Amino acid sequence: MTDWKTRTKLVHSGTRRSQYGEMSEAIFLTQGFVYDSAEAAEARFIETGPDEFIYARYGNPTVRMFEERIAAIEGTEDAFATASGMAAVNGALTSMVKAGDHVVAARALFGSCLYVLEILGRFGVEVTLVDGTDLGQWRAAMRDGTKAVFLESVSNPTLEVIDVKSVCEIAHAKGATVIVDNVFATPTFSKAVELGADVVVYSATKHIDGSGRCLGGVVCGTKQYIRKVLEPYLKHTGAALSPFNAWVMLKGLETLDLRVRQQAASALALAKALEGHPKLSRVIFPGLPGHAQHRIAMEQMGAGGTVVTLDVTGGQEAAFRFLNALEIVKISNNLGDAKSIITHPATTTHQRLPPEQKALLGITPGLVRLSLGIEDEGDLIADVMQALEAV
């Protein structure tokens with residue numbers, strides 16, 4: 001299996017078949033498991049084997065297939081699946097820190113990620129936020145004994161690309177664990193582990209499902225971290241992924257590479273078509289040569305990703321006119337879907353941030369985040385162009 005290419009792993013890794021030899025992975029919809037004897041139950045609670053399960057909150061055969069498959073394509077020893085992407089982020093961070101610890105994080109994060117960092121602060125964890133694109137700020141913020149570093153490899157929604165390799169070198173010099181939220185990079189373009197990341201987090205709700213059906217998340221890392229640090233926290237706090245959702249995610253993984261590559265190609269075509277448009281003050285896309293971190297994006301991912309961010313001239317009123325005029329692209333706050341989706345971050349995903357923080361992060365009143373789907377590329381470009389006429 002280690003010699004298989006990514007597309008093969010996406011279809012076959014981690015597969016476990018029952019005695020019936022089913023082609024599609026089985027869904028084990030059960031909350032508990034039966035033991036042959038009281039002695040067997042006692043032994044299993046002491047230590048479980050790879051095909052032994054206790055309770056659905058601890059593990060499940062369908063969920064385990066998903067965990068093993070995502071670990072295989074991510075290049076980590078193990079993985080633990082969660083009920084949502086934010087459960088994965090919260091678990092990855094909270095499981096490893098205590099009062100008095102220090103965490104350094106990039107300031108450009110999804111709104112809920114920023115909230116998790118606020119929660120850590122309430123419980124006595126000191127959090128320092130830095131400009132993720134400025135290596136000097138990372139160096140200045142690090143201390144001897146800094147516990148963890150947290151960043152989005154591509155930030156939400158302004159698409160800043162962080163030099164993961166350099167940040168990992170800076171963090172490891174101080175003994176810190178690097179946790180990378182890799183949602184925008186996707187498992188297809190991800191190289192976070194190769195670049196030095198210790199832990200990789202995904203919201204499986206996004207590209208992995210890819211069809212807007214289920215919530216899910218996953219944390220990838222070493223077996224020591226996953227089973228000795230993360231698992232005890234998650235299994236006792238209840239953020240378990242349901243077997244049905246795990247099955248949906250397994251089906252999503254089978255077509256992930258095909259979908260994401262088409263989405264990235266459409267994103268690049270749209271970004272090129274919109275460059276210099278008179279009704280846009282900014283077209284932000286890491287795949288464009290003019291993007292501030294274009295070189296890093298190409299080195300780390302080999303593509304610009306599936307999301308294009310636009311700053312509509314005229315602020316919120318103009319942005320709303322643009323959104324309301326779209327016909328194919330749907331207004332929603334998800335991303336990575338087979339359907340193209342657009343979001344106005346200032347009034348939705350980042351709505352709770354104060355105006356000065358939005359301004360610092362570049363989230364202007366006219367900013368919109370457009371996640372490209374798998375519709376016809378020409379139709380998508382035409383739809384965006386006609387909607388801009390309404391501005």
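This report walks through a predicted model of a single chain, from its overall build down to a few individual residues.

## The chain as a whole

Let's start with the big picture. The chain is built from 14 helices and 12 strands. Its C-alpha trace stretches about 75 × 50 × 35 Å along the principal axes. Is that what you'd expect of a compact globule? To put it another way, what radius of gyration does the chain have? The answer is 21 Å, and because a compact globule of 391 residues would come out near 21 Å, the two agree.

Plenty of the chain is tucked away: 55% of its 391 residues count as buried. Look also at contacts between residues at least 6 apart in sequence: 73% of them join residues at least 24 apart.

## Surface and charge

Now for the outside. The accessible surface adds up to about 16300 Å², and carbon and sulfur atoms account for 53% of that. As for charge, you'll find 37 positive and 44 negative side chains, with the centres of the two sets 1 Å apart.

## Cysteines without partners

How many disulfides does the structure hold? The count is 0. Take Cys214: the nearest cysteine sulfur belongs to Cys220 and sits 18 Å away. Cys214 has 10% relative accessibility, so it counts as buried, the cut-off being under 20%.

Cys220 has no partner either, because its closest cysteine sulfur, in Cys168, is 15 Å off, too far for a bond. Cys220 is buried as well, with a relative accessible area of 0%.

## A buried valine and a partly exposed threonine

Val130 belongs to strand β3, which covers residues 126–130. Is Val130 buried or exposed? Its relative accessible area is 3%, so it is buried. Setting aside neighbours within four places in sequence, Val130 touches Val104, Ala105, Ala106, Arg107, Gln137, Trp138 and Ala141. One of these, Ala141, is 11 residues away along the chain, and its C-alpha atom is 7.5 Å from that of Val130.

Thr348 sits in the loop between β11 (341–343) and α13 (355–361). With a relative accessible area of 39%, Thr348 is partly exposed. Its C-alpha atom is 9.4 Å from that of Ser332, and the two residues are 16 apart along the chain.

## Helix α12 and what it packs against

Helix α12 runs over residues 315–325, and its buried residues are worth finding on the model: Gly315, Ala318, Ala319, Phe322, Leu323 and Ala325. Check the spacing of those numbers with this rule in mind. An α-helix has 3.6 residues a turn, so residues three or four places apart point the same way.

What do the buried residues of α12 pack against? They meet the strands β9 (307–312), β10 (330–331), β11 and β12 (367–371), along with helix α14 (377–388).

## Backbone oddities

A few spots in the backbone deserve a look. The peptide bond from Asn156 to Pro157 is cis, with omega near 5 degrees. Pro157 is in the loop between β4 (148–152) and α7 (164–173). Leu159 lies in that loop between β4 and α7 too. Leu159 isn't a glycine, yet its phi is positive, near 60 degrees. At 1% relative accessibility, Leu159 counts as buried.

Thr186 is another non-glycine residue with a positive phi, near 70 degrees. You'll find Thr186 in helix α8, residues 186–189. Thr186 counts as buried, at 0% relative accessibility.

Technical notes
Residues are numbered from 1 along each chain as its sequence is written. This is a predicted model: local features need pLDDT of at least 70, side-chain atom pairs count only at pLDDT 80 or more; totals for chains, interfaces and linings use all residues. Side-chain values use heavy atoms; hydrogens and water are left out. Helices (H or I, at least four residues) and strands (E, at least two) are DSSP runs, numbered from the N terminus. The radius of gyration is taken over C-alpha atoms; the globule rule is 2.2 Å times the number of residues to the power 0.38. Buried means under 20% relative accessible area, exposed over 50%, partly exposed in between (1.4 Å probe, protein chains only). Contact means heavy atoms within 4.5 Å. Accessible areas come from the Shrake-Rupley method with a 1.4 Å probe; for residues, only the protein chains shown count as cover. Lys and Arg count as positive and Asp and Glu as negative; His and the chain ends are not counted. The place of a charge is taken as NZ of Lys, CZ of Arg, CG of Asp or CD of Glu. A disulfide is a pair of cysteine sulfur atoms within 2.5 Å.
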